[in-house]
Structure formats: C-alpha cells, structure tokens
Amino acid sequence: MKFPRTVQRFLIGYLILHLLAAGIFVFVLSWITRNQMMVASKSKMSAMTVLLAEQIGELEGGLENESLPDLVKRFGDKSEMRITLIKPDGIVVADSVTGDLDIGPHATRSEVLEAKENGFGFSQRFSSTLDQQMMYFARRVDSDNELEPGYVRVATPMDVINSSIRSIQKYVWLFAIALGALTALLMSIFSAKHMQPLSLFSAAARRIGVGDYQASTNLSRRPDEWGELGDAFEHMKNELTVREERLMENSQRLEAVLSSMIEGVIAIEPNGQVMLANGAACEMLKLTRPEIVRKRLFEIIRIPELLDSIEQTQEKRTFSKTEFETLTKPPKTLSARVSVLADEKRPGVVVVLHDVSALRKLETMRRDFVANVSHELKTPLASIKAYAETLRIGAINDQEKNLDFVKQIEFHAELLNAQIQDLLQLARVESGEGAFSISDVDLNLVCSSAVEQFSRFAEERGLELKLDLTNPSPIARADAAAIETMVKNLVVNAIHYTLEGGVVTISTSKLAGEISAEDGGSAQKTHPEVAIRVLDTGIGIAKDQQARVFERFYRVDKSRSRDMGGTGLGLAIVKHLTQSLGGSVHLESQPGKGSQFEIRLPGA
Ligand code: ADP
C-alpha cells in the first residue's frame, strides 16, 4: 500500500507524540510506585523493629543476652531483612547477615544517630558491608531494668524495589509500543483509504494542466466533503474549458484577421520586445516568425527611421509615420504607421507596414518617362523650329535649298507624329483601354500581308524580304490589329538595322505543346502556342543590351535610330502587346551576324 506523504508525516508525528506520552507515563508511574513501595517497606521495617525492641526489652540482660544472635538470624531469614543489634557505643552485638564477623562500630550511622535522638531513624544509602543500595530503619531499645539502651536496626535492599519498578516499566513500555504500533497501523489503513481521493485530484489536476479537459475525479457523487470538493473541481474544470475555448476562438479570430491582412502588423511591448507579428510583416522583412517574436525589435531590425519613430510614439503617446528601405535583397520600400497600444507609463506600440515599393517604383518610372518624353519630343521640335527659322531669315528665297529645308521639316513633323502615335498606343496598351477584340488570327495571312506591305521598302534598301510559312497555317487566339502592329514594328526594325544585301525572313510556326504547371502546380495542362519569327542578317545586338532594347526610348545607337525615323518605342510596344495577349517575346542575337525576334502567342 502506498501512503500519501501527508499520511506518512501524520503517522510519524503521531508515533513521536505517543512515545513521548508513554515515556512521561512510565516516569510518573515509576516515581509513585517507588514512593509507595518505600512507604510500605518503611512501615514493615518499623513494625519489625518495634517487635524486636519489645522482645529484647523483655530478655534478661537486654542486648547482652546470649540467645540474641540466634534469634536475630531466625528473624532475618524469615523476614528476608537484615537485622542488626547495636550497643549504645556502636558495637554490633548481632547481625543476621554477617553473623560473628566484626563489621566495626555503627554508632555514627545516620539512622542510629537519628534513633538516638528521636527514638527511631531512617536512611537510604549504599552499604559498604553488603556492597549494595539499602534502606535502614533503626529503633532505640529502651529497657525497664535500667540497662543501657541499644539499637535495633533492620535493612532491606533497594534492589527489591528497583527490580519491581524495572519490571513495571518494562511491561508499561511493551504495552505502549504495542498500542502505538497497532494504532498507527489502524490509522494508516484508515487514512490511506480516506485520503485516496487526494491522488485522484492531483492526477486530474496534472492532466488538466497539460490541456486534457476530459480528466475527472468521478467523486462528485460521494456524500462527503470529498464529494463537495469533487463537485467544485468539476465546476472549475468546466469554467476553465469554456474560458479556454473562448480564448482560443478569440486568438484564432485575431490570427485569421492578421494573417489575411496585406499590411504587416507588429505589436511591441513597452520593453521593446515583439509580442506579435503577422505573416505579411515577416514576408516584408524577410524574417521567420521565430526570428521576430519574443525578440527585442532593435536586435532584429536595425532601421533607424523605424526605431526613431517607435521611440517618438512611446514618448509623445501619439502616432507617427515613416518610410524606409529594408535591408533585404532586393530592398523594399515600406511605409510604417506607428501607434500607441496601451495606456501605460511607457506604452507598447503597434506598427502597421505597407509595401509601397511598387508605388514608389511606378512614381520613379513615371517621372523618368515624363522626362524622357519631353526630351524625345523636344528633339524633332527643335529641328522643325531651326529649319523654319532658317527659311524665315532668308533661305526661303534660296531656290536650291528651300525645298530640302521644307522636306526636313516634314520629316521631323512625321517623326514627331510617329512618336506621339507610339506613345498613345503604349498608353492605351498599358491602361488596358480599347480592349482587344480576340479572335482566331491566321498568322500566315498576317505575315504575307506584311511582306506585301514592306517588300518595296526592303527592295529600296537593297534587302531581300522572305517568307517561310508553316502549313496548315498556325492560328492564334489574339487581336489581329495588335499582331499586325507587332509584325510591322519587328519587320521595320529588321529592315532598318540590316545592311544592304542582307536578308529578312518572316516565318510562322506551331510550337510543341508546352507543359506548364498551373493551379499551384497540382494540375498540368498543355498549351499549344504559335509563333512568328522575324530573322535578319543585320548588325545584331550585344548580349548586355538585349534586355534593355525592350525599354521605352532605349536605343543602342541613338542617331542611327533617329535617322531611320525610329521612335525608340517599337519594341516596348511589342513587349506590352504580347504580354497583354498572354504571350511572350524572345530575342536571340549576335552582333555582326543578325537577330531573331520571336513572338509567342496562345494558339486557337
Ligand atoms: P527604334 O525606333 O529605335 O527602332 P525600337 O524600340 O524598335 O526603337 O528598338 C530599340 C533599339 O533596339 C533600336 O534603337 C536598335 O538599337 C535595337 N534594335 C531593334 N531591332 C533591331 C534589329 N533587328 N537589329 C539590331 N538592332 C535592333
């Protein structure tokens, strides 16, 4: 049987107290018994001395009588006492134990001295004759025949009393120990049975502590205090369950709200430790949640603008705003709004982050674009202005040159017009205005009409324009006008950037169905794509320029482009159009050897 520790302690305490009580009882009992036995022995000895004194008094010659030694011996043996007769001068005339042996004068013994004085005397001391602790009772013998009186003394060994007391003590101790053991045993059985529910409570409490709310003591039906406690325990458990469920619900709701937010949210405790950070905040700062939560913010984010803003908010108890660049790669521009979280002495704060990188990039692009546009438009305008001025100040009368000047004005006006048209088209594509009319477009047809349209132009520049069509004709799901614009831009470029004697080939093809993962990679679909390629044997484009030629106003050779009447927007328009139609544009080129532009579009 396993005793609860409380029961063990109680039993040990009980046993100590029990033994202490038994000890006190034994001591008191021994003391009383000893006193009573001594009183009894004393009166027995007194009676004996009275008897002997009377006998001696009646004898002839008193203490000198010769029959006394025998008498003393007989009385001594029968009464188990030592009897001694002492003369007034202390000489021992008879002794029931020592007999004739000379045991020296006894006049100075305390009991004899006392008897001399009072008639009787008692003492308790060690006997050197018998070598043990003795009780002595002496009585003065007063004789009628005027003989000198003497003393009768009886002695009993203390051992008799001591051994009686020892045996009483032994039995009392044995009884006390047996009683103690029996009581302890009964008590332990009883209390172990009675305290058993305690272990049920501690087991149930331990299970509840680790979140197992099914744990129960099953004691609520007991008709005693344990039952009441069990009832209270069940009630407490149910309350706890409800509260935990409510807390969980709240925290799940909060979690759901925070994780569905596009804005990053970081809550910071007054001591600067991060209390909570949502997924968006982790993503923006490129940190995992364990790297942020429960850490000091200044240890993980070393951005002075943000830290200053937090400090300011804590001090002034107002909200503040800041914008900063993250130290991630690539860096992001984040705008932070910091507000006070609670009304404490040094309050916590909540930081709401917005990723404004795209916005800022767009703003920069727009600024650059406006600057580029004005610069690009200024150039032909300046030329027109210069030629017009030259004509005005006199060249109009120069019959040889005035026509050339007018032609230059016309050329630059044309360029200006082309630039404005291209800009408008680009703006339309980008804004999604003038939605495409999607239909099945026969690519062979588009390419054939392009060759028809530009063959004369190619011829004029000493180039051969070839067609390489796939049959049956690849059909694209796209906007016909957009494809025409793209082909036109690519063919014009090919003609512009190919030297005399070169060849420009326009070809169509169907691409093998490409496998692309969709719906997060779970389902795989085949997308048949169709392509138009414009291949030339021209000047080519260096590797490092190849991505840039699709940027607005980017030209490898500015003056050559301008001489050709190029706007610098042709490829930007191609790129935007293909992307808007769900396709892509690819460039392969080697300087001095030629270039190939390929437009891929979704097939019908
Ligand atoms: P542009 O009006 O100047 O031709 P584009 O956007 O059409 O503007 O082209 C951008 C630049 O790309 C051109 O200035 C030219 O340097 C280069 N480029 C375009 N097509 C070709 C080509 N077929 N061969 C070589 N360079 C080309």
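This section describes the predicted model, its confidence, two of its helices, the surroundings of the ligand and several individual residues.

The structure is a predicted model, in which local features require pLDDT of at least 70 and side-chain atom pairs count only at pLDDT 80 or more, whereas totals for chains, interfaces and linings use all residues. Residues are numbered from 1 along each chain as its sequence is written, and side-chain values use heavy atoms, with hydrogens and water left out.

The mean pLDDT (the predictor's confidence in each residue, from 0 to 100) is 87 for the chain, and 95% of the residues score at least 70. Helices (H or I, at least four residues) and strands (E, at least two) are DSSP runs, numbered from the N terminus. Among the elements of the chain, the lowest mean pLDDT, 76, belongs to strand β14 (residues 503–518), and the highest, 96, to strand β17 (residues 594–602). Over residues 514–525, pLDDT stays under 50. For that stretch the model has 17 contacts (heavy atoms within 4.5 Å) beyond four places in sequence.

Helix α5 (residues 225–260) comprises 36 residues, and its first and last C-alpha atoms are 52 Å apart, close to the 52 Å expected at 1.5 Å a residue. The expected span is 1.5 Å times one less than the number of residues in the helix. At the N-terminal end of α5, Asp224 acts as a cap, with a side-chain oxygen 3.2 Å from the backbone nitrogen of Trp226. Residues are termed buried under 20% relative accessible area, exposed over 50% and partly exposed in between (1.4 Å probe, protein chains only). The buried residues of α5 are Trp226, Gly227, Gly230, Phe233, Glu234, Lys237 and Leu258; they pack against α4 (158–209), β6 (264–268) and β7 (274–277).

Helix α10 (residues 357–392) also has 36 residues; 52 Å is the span expected at 1.5 Å a residue, and the 51 Å between its end C-alpha atoms agrees with this. Its buried residues are Val373, Glu376, Leu377, Pro380, Ser383, Ile384 and Leu391, and their cover includes α11 (402–431) and α14 (558–563). Just after α10, Gly394 adopts a positive phi of about 145°.

The ligand is surrounded by 21 residues, of which Asn493, Ser561, Thr567, Gly568 and Leu571 come nearest; a residue is included if one of its heavy atoms lies within 4 Å. Polar contacts are pairs of N or O atoms within 3.5 Å; within protein, one atom must be able to donate a hydrogen and the other to accept it, and residues adjacent in sequence count only if both atoms are side-chain atoms. A ligand nitrogen is 2.9 Å from a side-chain N or O atom of Asp536. Ligand oxygen atoms lie 3.0 Å from a polar side-chain atom of Tyr497 and 2.8 Å from a backbone N or O atom of Gly568. Of the 530 Å² that the ligand exposes when taken alone, the protein buries 97%; these accessible areas come from the Shrake-Rupley method with a 1.4 Å probe, and for residues only the protein chains shown count as cover.

Two polar side chains were examined in strands. Ser320, in strand β8 (residues 320–325), counts as buried because its relative accessibility is 8%. Its side chain forms a polar contact of 2.9 Å with that of Thr313. Thr508, in strand β14, has a relative accessibility of 4% and therefore counts as buried. The side chains of Thr508 and Asn444 make a polar contact at 2.6 Å. Beyond four places in sequence, Thr508 touches residues including Cys447, Asp468, Pro474 and Ile532.

Several loops show backbone features of note. Most residues other than glycine have a negative phi, and most peptide bonds are trans. The bond from Lys329 to Pro330 is cis, with omega near -5°, and Pro330 lies in the loop between β8 and β9 (333–340). Asn471 and Pro472 are likewise joined by a cis peptide bond, with omega about -5°; Pro472 is placed in the loop between β12 and β13 (475–479). Positive phi values occur at Arg294, near 70°, and at Phe553, near 60°. Arg294 is partly exposed at 47% relative accessibility, whereas Phe553, in the loop between β15 (523–536) and α14, is buried at 6%.
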